[in-house]
Amino acid sequence: LDPAGRWHNVDEARRLLVELVHFPLPIVAAVNGPAVGLGASFLAFSDFVVMADSAFIADPHISVGLVCGDGGVAWPLHLGLLRAKEILLLGGRIGAEEAKAIGMANRVVPRNEVVAEATAIAHRLAAHPAGALQDTKRALNMYLESSLAGPVGHSLMTERYSMASDEH
């Protein structure tokens, strides 16, 4: 992409993450395949994650010479700093069972049950009083919002520059 296109793509990623944080209704992600890069970021900003047992999460930014942008730098909120560093700096894949064990997924089910399980969770959420649910989500998402202003914002800015680097 040309420089303007790179800036536009990163701005779009930032806008998506901001919208996820501010969206008033719970977001239930149903993952039935690879969640890579921005897809992995989407999961970090979702409220519930249901993964197929064959699905995986990965953020390969560093391996292709890019600064880890998007939501990968929000992973410490789910995993702890050392575990997030291990995965992001070494660039490995996180299988579904491991994702659940380390706090990146809520449920792991067979692939043919992912949508049904995610829908069941959505119905359970919808049965709760809307105001209490939405305000609780807003309060919890303040952790993610602070990461948007700090580490995620920084990584998105530096990712833009790394797109034009010799390493990439």
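**Exercise 1. Is lysine 137 buried or exposed?**

Welcome! The model used in these exercises is predicted. Start by classifying lysine 137, then find its salt-bridge partner and say where the two residues sit.

*Solution.*
- Step 1: The relative accessibility of lysine 137 is 6%. Buried means under 20%, so lysine 137 counts as buried.
- Step 2: Lysine 137 forms a salt bridge with aspartate 47, and their closest N and O atoms are 2.8 Å apart.
- Step 3: This pair links distant parts of the chain. Aspartate 47 belongs to the loop between α2 (38-44) and β3, while lysine 137 is in helix α7 (residues 130-149), 90 residues apart.
- Step 4: Aspartate 47, at 23% relative accessibility, counts as partly exposed.

**Exercise 2. Work out the parallel sheet: which strands stand at its edges, and which helix lies across it?**

*Solution.*
- Step 1: Three strands make up an open sheet, ordered β1-β3-β6, with parallel pairing.
- Step 2: The edges are taken by β1 (28-31) and β6 (107-109). Each has a single partner strand, so one side of each is left without a neighbour in the sheet.
- Step 3: On average, neighbouring strands of this sheet are turned by 20° against each other, direction ignored.
- Step 4: Follow the pairing of strand β3 (residues 48-52) with β6, which is parallel and spans three bridges. Here valine 50 has arginine 107 in β6 as its bridge partner.
- Step 5: Now add helix α6 (residues 114-126), which lies across β1, β3 and β6 and runs at about 165° to β3.

**Exercise 3. Describe the sheet with mixed pairing, and find the bridge partner of alanine 35 in β4**.

*Solution.*
- Step 1: The strand order in this open sheet of three strands is β2-β4-β5, and the pairing is mixed.
- Step 2: β2 (34-36) and β5 (93-95) are the edge strands, each pairing on one side only.
- Step 3: Neighbouring strands in this sheet are, on average, turned by 20° against each other, direction ignored.
- Step 4: Between β2 and strand β4 (residues 56-58) the sense is parallel, with three bridges. Isoleucine 57 in β4 is the bridge partner of alanine 35.

**Exercise 4. A search of the whole structure finds six salt bridges; compare the placement of two of them, glutamate 98 with arginine 83 and arginine 138 with aspartate 135**.

*Solution.*
- Step 1: In the salt bridge of glutamate 98 with arginine 83, the closest N and O atoms are 2.0 Å apart.
- Step 2: Glutamate 98 lies in helix α5 (residues 96-102) and arginine 83 in helix α4 (residues 81-90), so the pair ties together parts that are 15 residues apart in sequence.
- Step 3: Both residues are partly exposed, glutamate 98 at 30% and arginine 83 at 22%.
- Step 4: For arginine 138 and aspartate 135, the N to O distance is 2.2 Å. Both lie in helix α7, three residues apart, about one turn of the helix.
- Step 5: Arginine 138 is partly exposed at 41%, and aspartate 135 is partly exposed at 46%.
- Step 6: Shared partners extend the picture, with salt bridges joining Arg83, Glu86 and Glu98 into one network.

**Exercise 5. Which residues form a nonpolar patch on the surface?**

*Solution.*
- Step 1: The patch consists of Trp7, Met157 and Tyr161, which together have about 300 Å² of accessible area.
- Step 2: Tryptophan 7 sits in helix α1 (residues 3-22).
- Step 3: With a relative accessible area of 30%, tryptophan 7 is partly exposed.

Technical notes:
Residues are numbered from 1 along each chain as its sequence is written. This is a predicted model: local features need pLDDT of at least 70, side-chain atom pairs count only at pLDDT 80 or more; totals for chains, interfaces and linings use all residues. Side-chain values use heavy atoms; hydrogens and water are left out. Two strands pair if DSSP finds at least two bridges between them. Helices (H or I, at least four residues) and strands (E, at least two) are DSSP runs, numbered from the N terminus. Axes are lines fitted to C-alpha atoms, for helices over the stretch in contact, and angles run from 0 to 180 degrees between N-to-C directions. Contact means heavy atoms within 4.5 Å. Patches are made of residues with over 30% relative accessible area and no salt bridge: like charges are joined within 9 Å, nonpolar side chains (Val, Leu, Ile, Met, Phe, Trp, Tyr) within 5 Å. Accessible areas come from the Shrake-Rupley method with a 1.4 Å probe; for residues, only the protein chains shown count as cover. A salt bridge is a side-chain nitrogen of Lys or Arg within 4 Å of a carboxyl oxygen of Asp or Glu. Buried means under 20% relative accessible area, exposed over 50%, partly exposed in between (1.4 Å probe, protein chains only).
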